[in-house]
Every structure is written in structure tokens, then in C-alpha cells.
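Here's a quick walk through some backbone oddities, a helix pair, a small sheet and a ligand site. Have the model open as you read.

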Amino acid sequence: MADRTAASRRGLSEEVAGAGGHQIVERVPSDRQWLWRLISFAVVFGGWEIAGRIPVSPSFPTFSATIVALGEMLLDGTLAGAYAETVQPLILGMLLCSVMAVLFGVGMGLSRTVEWFSLPIFIILQAAPMAALIPLITFLYGIGLTAKVVAVMLMSAPIIVLNSYKGIRNTSPSLLDMSRSFMATRRQQIVKIILPSASGLIFAGLRLGVAAGVTGVVLAELLITPTGVGDLITYYRSVAEYPHMFASILSIIIFSSVAVTLLQRAETALFRPET
Amino acid sequence: MTVLGYRIPMMFSLLAWFVVWEIVGQLDLTILIPPFSGVIAAGITMLPSQKFHDAITITMTAFLAGMGLSLLVGIPLGILMGRVKAIGQLMGMWVNIFESSPLTAVIPVLMALLGFGQATIITTVFLFSVWVIALDVQVGAKHANASLLEMGRSFGASRFALYTKILFFAALPEILAGVRLGLIRGVKGVVIGQLLVAIVGVGELFELYSRNFLMEEFWALVIMVFAFAFAISETVAYVERRIEYYASTR
Amino acid sequence: MLNTVLSARNGQASGTPEAAVQVEGIGKRYPGGVEALKDVTLDFPAGELTTLLGPSGCGKTTLLKIIAGLLDPSKGQIRVKGKQVHGPGPDRAFVFQDFALMPWATVLRNVAFGLELRGVAKAEREATARKYITEVGLTGFEQSYPHELSGGMRQRVGVARALAVDADILLMDEPFASIDEQTRRKLQEDLLQLLQIEKKTVIFVTHSIEEAVYVSDQIVLLSRRPGTVSRIIRPNLDHSTDLEAARRDKAYLDCVDEIWQTLKQYLV
Ligand SMILES: Nc1ncnc2c1ncn2[C@@H]1O[C@H](COP(=O)(O)OP(=O)(O)O)[C@@H](O)[C@H]1O
Ligand SMILES: [Mg+2]
């Protein structure tokens, strides 16, 4: 983990680099850890149930009611329909953004001039609340799919760009020396040393980008036009069906956790066989 | 970049971009991009206005209150998670989930539970920032130099002294990193919260300006908010660099 | 007995075979203003192992990287077999202190990497790599990844990679410094054995007096920063009969002691 903090301290702003304690946490859990997880679930869900039964607020449903609502929505296809809508801008935005932001970040890492012109901007964007620009998106792209795709890209681009940049810049100087001593051309150096060594951080950037992109799509669905999961949340709130509202929110949190965890597993398997 | 043999600091590229902005604005290509000089002028007229003053006050209050809560909860929680195995096991999964999940989706719940006022915004700031703080502090507490703690114990330090005199400082680099990330997320939280609630603080101003095509005011506000976010994160980063020597001794 | 060939900077080495590498008036000042080397003039005789020995920070790595062509000197020039060089070349191969192995590549690909960069066909370069993997004693680990190997084994990969490109000159920067003492002794012996098969000119950097005396034909003592040549010593140990015996040789112990007496003055 030393590298995590070292990375973030050397780091520019937000969670550039394989950031977060994420890295230590997600390994394949042993039996004992499964037990702990079970207890952990029990405590949290139990607490939720009790709080709902008191109830702490009329708009705070119990855990059981929420789960029943979630089950209902799963069975009657409400959730499937909503997610079919929600993932469209998410996937489109992430695909576009992955290609463009990674290329840009790599370019920034390889060229001092590109770096000089764009690094400060991305450092600022990374720390800044990009959500503030969402009102502008409606203005530019209306309220259709494009607007949501742009919202996803806006939220996820800075982290992907900066992580790709860092990946390139973190190439071990001694590997670079090594390739030079064997007379690698610049092209060989990039293809055979720099890109493979950056791939782990680039992928980590994509993972963080997905997490940010989900926020982007939710925000767009809540702010721009109610569709997908955002629509469910807004609708159930307006008709005061709180168990369903909570179930919708729970589903998006589960969705994002599963996506991020899967990406993280893939990352460990692909790029960090040593851990 | 070097020009005529002089190294030009990177932040100067922003000036270049402002010039580009001014030119694009002068070309009158789109109403969305007014000349940069106009943005500056709008910012200057905006600053003393009562409306702006009120918005900033209410926003800062929510931000500071939420962050204060986050720090009060996040740091001790992180230290406990790092030092007490049971707490680490019980909380670890949740902190991780919330740290990377779209908490934006929770804001409608807060609005239902707490109404459309400051309480919702403060809670949003808290929820956005507390997890990353706890997570970072946990890493610091867990990986604090073990022999430093053993040294403390061998000299008979009390548990309280061990935590406040040794562990806190040993974990300081990670604590600061967590605080920096937490602050950044807190700013995002306050903005997103106010945008969704839509009737308070800078969120209201963003809505107002964009709805009424007041692009100069809109951009002036964007620049101020972005600059604020950048400034606080750089301030913590500066402190972090001051204690960088810590790293060399572990 | 000891045979001090020359003291600092008095020109050509006498009685030694022709020089594979000549360092002429090399000075190096880093951009920050640190003067790492000052007017270093040295010959490295062909077919011999010459050690650069000096306190930490005296500029050993800097000098080696200048010879390798990885760094530009601020002053002076480097000649390899009489010809001035300006960058890395196929005649020199580097062995790195931190091994510089690609973590994403197998031992086989790492060893063949120098050839891969030259565009040698896969089958051919892998055959060559296998030969050197065997030579450094790593048979059976061709498909392993660096993180699966111990430090000593990793450096064997580094040595095999340098041998595989068939350069006449090996530049080794503290190759065994980050390896535990016992493994290090074994690596030293294996290196000497290897060099009896592969006729190479070796420039070897170390800060260990014992290591220098044990492996070297010639030892160059460098002064503190800015590094200059302080003395050149030839230990004249006989490795040909028994690799073990050399460490018990009186000449070995005397030489270690003499170097220590010289280097002591550079310590605070
Ligand atoms: N890239 C660099 N920039 C500035 N100073 C350097 C750089 N590399 C090395 N130095 C300095 O030059 C001196 C010699 O370094 P080096 O050749 O690595 O020493 P050695 O290998 O003998 O320990 C040291 O004092 C070091 O701090
Ligand atoms: Mg060195």
C-alpha cells in the first residue's frame, strides 16, 4: 500500500493512480471473511429494519419492505426496463470516453508540449465539481440520449485522462534505460516498454471512470430528463412509494459496486499477477 | 515547456487558454462562449451583490458543517478500522462500497427525509466525503510503522498516548491524503446537492444563470467554484509535501 | 604481492593489453548543479574485469552510464575500441542494479529482449536466449515471471539478457548489491566461471571492497564527489585453479586491507 499513498502524495489531485484502499480490500475472501461479511450484512440490514420499524421517519421504509419492493420490480420487469435505458448512455459514453481520454492521456504523457498545454486544465477539472456544467449540457444537446452521453463523458474523462498520463509517466526509469541501452527506437520503447507498463494504471483509470460515469448518468437522469433508474427514483418519490424508491436506489448502488468489483478483479488478474 | 531557453511554468498554459477563450468569444461563434473579458467583468460585478453573497454564505456553511462532520467521524472511524480487526471487518466492505458508489442517487432520499434545506446539503457533503477519508486513514493506521508502536509500548505509553502521540502522526501522510480527497468530494457534494435541491446556494445560481442565458455570470461562477476546489486541494497537498520526509523513514 | 600500477591520472596503463574502453577527461555536472565527476581518465583493458570502487554517491553509476551512452558527459569523451561513441551501441550491454526486468514478460522473453529489439526472428532469438538461460543456471524457469523468482535468480536473468546480445563489453552497476550475502558469494563465483567461457571486458561497479578484490583484475578507486580516479590496484588473485581458495589467499586479505586504508580517508 505504500505505493498508494506515495502515488497520491506525488499525485496531482484526486485519486489518480490505483487509488484508494480499494486495492487491499478486494481479494478472494477466505471462509472466515465470508463469516465476517455475513455478520456485517446482518448488522447493517438489521439496523435498517429496526430503524424502519420505529420508524425514524414516515418516508423511511424497513429493509424487508425494500427487499420485497426490489423483488417485485425485478419480477415485473420494471428494473430491467429501467436499466436498459440507463446503461445506454453509460456504455456509449464510456466507450467514447475510454478511447478518447486514454489516447489523450497517453499523448500527454509522451509529449512535453501536450503536457504543458493540458495538464493544468485536467488537474483542475479533476478536483472540480464537473456537475456544475450539467445545466449547460441541456442547453447544448437538449434532453435526449446525446445529453446523457455527454454527462457521462464529462464526469469520467478527467480521471481517465490523468490516470493514463500517470501510467505513462510512472514507467520505471531503469526499464527505460534498459531499453535505451539495447538501442530501442522510440517506437519500440513506447510499444514494448511504456504502454505495457502503463496498462495497469490506465485500466485502473477506466475503473474509476466507470464509477464516475455512473454518477454522471444518474445525475443526468435526475437533472436533465427522468429516464431509467433516475425516473424510477423520481417517480416513486412523487407518489410516496418509499420502499420502491429505496429499492431503486439500492439497485443502482449494487449495480455500480458489482461493475467496479468485476473491473477490479479483472485488473488484478490481468495486470498485477504478483499480488 | 521552454521558450528561448527559459522554462515556463506549466500553470502559465492557463493564460494561453484564456487568450484562446477570449478570441473564440470575440468571434461570437456561440452564445455559450462569451469573451473571457466579459466573464471577468461579470464576475467583478457579481462579487459585491447581495444575491451572490447569500449564495456563498449558505454554500460555505453547508460545506464546512458537512466537512467538519466528515472529519470528526471519518478519521476516528478509519483509525479504529485500521487498528481493531473486528471493526475493520465489519465496516470495511461498506466503506468500500459507498466510497465508489453513485451517492448522487441517495440525495432524493435525503430530500424526502430531511426536506429541501441545509440539512440535506450538509448530509450530502458528509456522505460524499466521509468514506474516502475513513478508507485512507485506515490504510495509514494499518500500515503505520509497527516498530514505532512497539517502541511506544516498550516505553510504557498508555493506549491513549499511543494513539494520539504516535499512531496519529505515523498515519499523518495518509490522513492528509484522505482529507484532501474528502475535501474535493465535499465540494462536489455541495454542488450536486444544491443542483438537485435547486433552490439553495450556488446550485440555485447555476440554474438561474443557465436558464436565463446569463453565460457570462455562469462562467464566472464556474471559474470561482473550480478555483475554490483547486485551491483547497492544493493547500492540503502543500502540507502533504511538507511532511513528505515521513515517507523516507518507513 | 600487491601491484599498484598507477596512481591518479598519469596517462596510459603500462604493460596491460589494449584498452577496450578509454575514458578521456570525463566530467559530469547534473542540471541541478551537482558535480558528479571531474576529469576522469581511465583505460579498461580488453578481456579484463575492472571494478569501479568508491563511496556511495561518488559518481560510479554516473560514469558507467556515460560509458553505456545513457548519459551525456559534460566534458571529455568515451572511446570504445578506439572509436569515439555518442550513445548506446551493440558493443556494450548493461546489467542493472535493480535488474530492470519487465514484470509482464517471462524469463525467456526478458532474456531475448535485446535481440527482439534488433528484429531477430522469434525462433532464433529464443534459441539464443535458452542457451544463455542454461549458462546462468536457470534451466526450467524459462516460462516463469520475474516476480516468481528470488533476487539472485532475477539478476541471473539480467546477466543472461546482457550476454544474449553478444556484446564484447559488459557494464554491471552494483549487480549484486540488493542480493543477500550468501547468494551474492555464489553469484560472484558463478560470474567468474561464466567469464572464463565468455571472453568479455567487464566494467563492474560496487561499493563492497571484498567483492571488488575477489572478482577484479583491476580496481579503480574513486574519490568522493566529484569523483576522480584516486588509485588503481591490481589484486592479482589466481582464480583459475580454485574459486573458493581465492578468498583465503593472503593476497586477497592484504588487498582488502590496503583498499580500506585508502578509502578510509574519504569517510567523515
Ligand atoms: N539525475 C541526477 N540529477 C542530479 N544529481 C544526480 C543525478 N543522479 C545522480 N546525482 C548525484 O550525483 C552524484 C553521483 O551519483 P551516482 O553516480 O549515482 O553515485 P554512485 O553510483 O557512486 O552511488 C550523487 O551525489 C547524486 O546525488
Ligand atoms: Mg550507484
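Where is the place of A:M183 in chain A? A:M183 sits in the loop between α9 (173-181) and α10; helices (H or I, at least four residues) and strands (E, at least two) are DSSP runs, numbered from the N terminus. A:M183 isn't a glycine, yet has a positive phi of about 60°.

Before going on, some housekeeping: this is a predicted model, where local features need pLDDT of at least 70, side-chain atom pairs count only at pLDDT 80 or more, and totals for chains, interfaces and linings use all residues. Residues are numbered from 1 along each chain as its sequence is written, chains are lettered from A and ligands numbered from 1 in the order in which they are written, and side-chain values use heavy atoms, with hydrogens and water left out.

**Helix pair in chain A.** The axes of α8 (residues 145-169) and α10 (residues 186-223) of chain A come within 7 Å and cross at roughly 160°. Axes here are lines fitted to C-alpha atoms, for helices over the stretch in contact, with angles from 0 to 180 degrees between N-to-C directions. α8(A) and α10(A) are therefore roughly antiparallel to each other (the label for angles over 145 degrees). The residues of this contact split into 18 nonpolar, nine polar and three charged. In that count, Ala, Val, Leu, Ile, Met, Phe, Trp, Tyr, Cys and Pro are nonpolar, Asp, Glu, Lys and Arg are charged, and the others, Gly among them, are polar.

**Sheet in chain C.** Four strands make an open sheet in the order β3-β2-β5-β6, with antiparallel pairing; two strands pair if DSSP finds at least two bridges between them. At the edges are β3 (35-45) and β6 (83-84) of chain C, each pairing on one side only. β2 (residues 19-29) and β5 (residues 75-80) of chain C pair over five bridges, and C:Q22 has C:R79 in β5(C) as its bridge partner.

**Ligand 1.** Residues around ligand 1 (a heavy atom within 4 Å) include C:Y30, C:V34, C:S56, C:T61 and C:T62. The table gives polar contacts, meaning pairs of N or O atoms within 3.5 Å.

| Ligand 1 atom | Partner | Distance |
|---|---|---|
| oxygen | C:G57, polar backbone atom | 2.7 Å |
| oxygen | C:K60, polar backbone atom | 2.9 Å |
| oxygen | C:R225, side-chain N or O atom | 2.6 Å |

C:R225 also leads into a cis peptide bond to C:P226, with omega near -10°. C:P226 lies in the loop between β10 (218-222) and β11 (229-234) of chain C.

Notes
Parallel < 35°, antiparallel > 145°, perpendicular 65-115°, else oblique. Polar contact = N/O pair within 3.5 Å; in protein donor to acceptor, adjacent residues only side chain to side chain.
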